[in-house]
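Welcome! Here is a short tour of a few helices and a handful of individual residues, for anyone meeting this structure for the first time.

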Amino acid sequence: MRHDAVVRQPKPPGALSTGVRRLTLEAAGVTLSGLLAEAPGGRPRATVIAVHGGGMTAGYFDGQAHPDLSLLTLGARLGFTVFAPDRPGYGRSAAQLPGGQGLTEQAEVLEAVMERFASRHAVGAGFFLLAHSYGGKLALVTAARAGGPLALDISGCGHRYGVEAAELPRIRTGSDRLRNWGPLRLYPPDTFRSIASLVAPMPDREADELARWPGLFDELAPRVRIPVRLTFAEHEAWWLHGEGEIADLTARLTAAPLVRVEHQHGAGHNISLGWAARSYHLRALAYFEECLAGTPDPRRR
């Protein structure tokens, strides 16, 4: 039977998958909300920090339209702890930071999040960042700073936009349905009802930086010194990802020991909310397993 043919009782907006709980954490003076799924026994192989994109909250990584969508539950079953924070300006911090923060400030907060999380939870071999869209920009900025995660896995983020500058405000408002989602057949039937509580306005300071990204990427790319995996959906329309653009992008990541670019068949920009979510998440976690092969395990010291 096709998985999209299974009749399931719709879940109420805001529901969480079994084993996922809400967590509030203070970092760099900002109170952040988020979602947490811990590895069995509290002994993770490593910890994945899942960073959502613009106009969405952390629930992006715990999609409720079908059980196969949740990165949090899948990661925990495979021995990873997964924490998906609401970025500054979203969730709990929206009232504290109504205008949001720019990428540099968000990177400082994300570094503090990892430090604070490690002081309260077992993290295994260390942190991986799995990021989507605007969150991918934040992951790259964070990786370009001193220290940080073991590796990056980024979807829905490139270095050159596939739209004219005048169209960038449509990213902020989410008004371009086709570019955000692609064909509706890529998503479970209950998707757009179930994400009602996940959608949030992009804060002003975040939106103001959209046009600066290509130049900023060129500045920070040579400073990224950890493995990077980039995934573009088959129906990705916000970013250029043809052969020439990919060659130019990877050539700029000169210090990264590994740069891998993949294309996800049967997916739109919001990969983690579509039928392709499980395939993408499994590939991302397999990539993290590869990275762990060369990382000392602190539990074996």
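Let us begin where two helices meet: Leu-103, Gln-106, Ala-107, Leu-110, Glu-111 and Met-114 in H2 are in contact (heavy atoms within 4.5 Å) with Tyr-134, Lys-137, Leu-138, Val-141 and Thr-142 in H3. Sorted by class, this contact of H2 with H3 has 7 nonpolar, 2 polar and 2 charged residues. Here Ala, Val, Leu, Ile, Met, Phe, Trp, Tyr, Cys and Pro count as nonpolar, Asp, Glu, Lys and Arg as charged, and the others, Gly among them, as polar.

A word on the background: this is a predicted model, in which local features need pLDDT of at least 70 and side-chain atom pairs count only at pLDDT 80 or more, while totals for chains, interfaces and linings use all residues. Residues are numbered from 1 along each chain as its sequence is written, and side-chain values use heavy atoms, with hydrogens and water left out. Helices (H or I, at least four residues) and strands (E, at least two) are DSSP runs, numbered from the N terminus.

**Helix H3 and its partners**

H3 packs against H2 and also against H8, and the table sets out both pairs. Axes are lines fitted to C-alpha atoms, for helices over the stretch in contact, and angles run from 0 to 180 degrees between N-to-C directions.

| Helix pair | Angle | Axis separation |
|---|---|---|
| H2 (residues 103-120) and H3 | about 75° | 9 Å |
| H3 (residues 134-144) and H8 (residues 213-220) | about 30° | 10 Å |

H2 and H3 are therefore roughly perpendicular to each other, whereas H3 and H8 are roughly parallel. Angles under 35 degrees count as roughly parallel, over 145 as roughly antiparallel, 65 to 115 as roughly perpendicular and the rest as oblique.

On the H8 side, Lys-137, Leu-140, Val-141 and Ala-144 of H3 meet Trp-213, Leu-216, Phe-217 and Leu-220 of H8. This contact has 7 nonpolar, no polar and 1 charged residues.

**Phe-217, inside H8**

Is Phe-217, a residue of helix H8, buried or exposed? Phe-217 counts as buried, at 2% relative accessibility; buried means under 20% relative accessible area, exposed over 50%, and partly exposed in between (1.4 Å probe, protein chains only). Setting aside residues up to four places away in sequence, Phe-217 touches Leu-140, His-159, Leu-249, Arg-252 and Leu-253. Leu-249 sits 32 residues from Phe-217 along the chain, and their C-alpha atoms are separated by 9.2 Å.

**Ser-133, just before H3**

Ser-133 lies in the loop between strand E5 (127-132) and H3. Ser-133 is buried, with a relative accessible area of 13%, and its phi is near 55°, a positive value in a residue other than glycine. A polar contact of 3.1 Å joins the side chains of Ser-133 and His-269. Such a contact is a pair of N or O atoms within 3.5 Å; within protein, one must be able to donate a hydrogen and the other to accept it, and residues adjacent in sequence count only if both atoms are side-chain atoms. Residues touched by Ser-133, not counting those up to four places away in sequence, include Gly-53, Ser-155 and Cys-157.

**Two exposed loop residues**

Ala-28 lies in the loop between strand E1 (21-27) and strand E2 (30-37). Its phi is near 55°, a positive value in a residue other than glycine, and Ala-28 is exposed, with a relative accessible area of 54%.

Pro-201 belongs to the loop between helix H6 (191-194) and helix H7 (204-208). Pro-201 is exposed too, with a relative accessible area of 70%.
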